[in-house]
Amino acid sequence: MDAQLIVQAMQIKSDYVDRLLDKRNVIGVGIGYKFSQGVNTGALGLVVSVRRKEPSSALSAADMVPSRLDGVQTDVLETGVLRAFDDLGPRDRWRPVVFPGVSVGYYSSTAGTFGCLVRRADEFFMLSNNHVLADVNQGRPGDAILQPGPSDGGLADDQIATLADYVPIDFGTEPAECPFAEYSAKMLNVVARALGSKHQLRATKQTPGRNLVDAALARPASPDVVSNEILYIGAPTGVGEAGLGVPVQKTGRTTGHTQGVITQIDATLRIDYNGTSALFEGQIVAGVLSGALSGALSGALSRPGDSGSAVLDMEKRVVGLLFAGSDVVTIINPIDEVLSALHVTLAI
Amino acid sequence: MDRNLEKLRMVKAVHEAALMSKANVVSVAIGLRQRGGVFTSEPAIVVSVTHKIPRSELSPEDVIPNTLGGVPVDVQAVGEIQAL
């Protein structure tokens, strides 16, 4: 993976995204590998998602997608999921079937994103964040989950699921003042042993929790009301690895379908939850590759409300669960940690 | 590349706690280095800060070194990171 090639493709995308979105049937533009007859050619190019492919003869010249733009190839992909519902967006009420990528929320909270469908034995669950489905450790099993979430107008009639399970977020007891007290004590003990001391120092302040995931499950009212096909992306093909420089995509309640690139792995970070910080380890960080990129589909990968989105590579393998971010970075739990913490597998 | 990453992980593990305690630091990770505001394909220890401050205005204990254990350290400004 050559970051320079991705930078070049991202810049070409940013130059052309508005013109491409004006063309008939085009619903998204990203970067990815060019596929030829189902085989990955290894060449990076622009991926143009359309509601449906039409023969060139049926399109006006202005609506044709050029096969090359500034030297990079384009690939037109049909996104079938939307065809019957193309007047609905991620913040709308979706019935009879709810697709991952749309608004959900705990009944008394705001709204986030239904990330993807997972299963435990024969049972299917909707995967999202603890802070989306369980109101940051406040929810109890059986509490109502609404689609759309309350911020998008969801009311009691919009209940689609109930809270089933979540991984508690551990804020520790001293999140701000001394997050590494225990670590320091360990280091001092090393020194003390080296000096021949038999006394062990103990951390006087409890270390705040070290979290790996912000994750929760909702149990749908019936398996028939949920799909595993992520809006604008389609069904996941499996679990993927988060490597540096890997292009990723997501569909979220607020920013819809967006694309970014993994820029950091193994990140230890402090994340703010309404004024209280929690420490996370082993996280994935994605960003856009150039500050010059902007626009609805090419700007930041995420905004408030996108929490809970599944993050996939361009071969539609799920790499993580989006849960936090700033104006320039998006923070993602590794999917293997999410699945193992909740004892579930992807529904693919 | 993999051996390089392994070395970065070891150096990160040793220095992470000290880096996290410096002013404005919100994250320590293995990441792609930026040059002139653009990402390169060079891996480094990436220290994310809410905002950058001139070295002259930082107290000595808050200065982030350019290298640690022989590996490059890149400081990147990310703003406040919040649950979304």
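**Exercise 1. Work out how many residues of chain B and chain A are in contact, and how much area is buried between them.**

Solution. The model is predicted. Start with the contacts: 32 residues of chain B touch 39 residues of chain A. Next, take the area. About 2700 Å² is buried between chain B and chain A. Carbon and sulfur atoms give 58% of this area. Then look for the main contributors on chain B. B:Phe39, B:Ile81 and B:Leu84 supply 29% of the area that chain B buries against chain A. No other three residues supply more.

**Exercise 2. Find the salt bridges and polar contacts across the interface, then describe the side of chain B that touches chain A.**

Solution. Apply the salt-bridge rule first. It finds 3 salt bridges between chain B and chain A. One pairs A:Asp266 with B:Arg9. Their closest N and O atoms are 3.4 Å apart, inside the 4 Å cut-off. Polar contacts come next: 18 residue pairs qualify, with both residues at pLDDT 80 or more. Now list the elements of chain B that give two or more residues to this side. They are helix H1 (2–20) and strands S1 (25–35), S2 (38–49), S4 (71–77) and S5 (82–83). Finally, sort the touching residues of chain B by class: 20 are nonpolar, 8 polar and 4 charged.

**Exercise 3. Identify the strand of chain A that is joined to S5(B), and give the direction of the pairing.**

Solution. Look for bridges to S5(B). Strand S18 of chain A, residues 317–325, is joined to S5(B) by 2 bridges. The two strands run antiparallel. Then locate a facing pair: A:Gly325 stands opposite B:Gln82 in S5(B).

Terms used: Residues are numbered from 1 along each chain as its sequence is written. Chains are lettered from A and ligands numbered from 1 in the order in which they are written. This is a predicted model: local features need pLDDT of at least 70, side-chain atom pairs count only at pLDDT 80 or more; totals for chains, interfaces and linings use all residues. Side-chain values use heavy atoms; hydrogens and water are left out. Contact means heavy atoms within 4.5 Å. Buried area is the accessible area (1.4 Å probe) that two parts lose on being put together, summed over both. A salt bridge is a side-chain nitrogen of Lys or Arg within 4 Å of a carboxyl oxygen of Asp or Glu. A polar contact is a pair of N or O atoms within 3.5 Å; within protein, one must be able to donate a hydrogen and the other to accept it, and residues adjacent in sequence count only if both atoms are side-chain atoms. Helices (H or I, at least four residues) and strands (E, at least two) are DSSP runs, numbered from the N terminus. Ala, Val, Leu, Ile, Met, Phe, Trp, Tyr, Cys and Pro count as nonpolar, Asp, Glu, Lys and Arg as charged, and the others, Gly among them, as polar. Two strands pair if DSSP finds at least two bridges between them.
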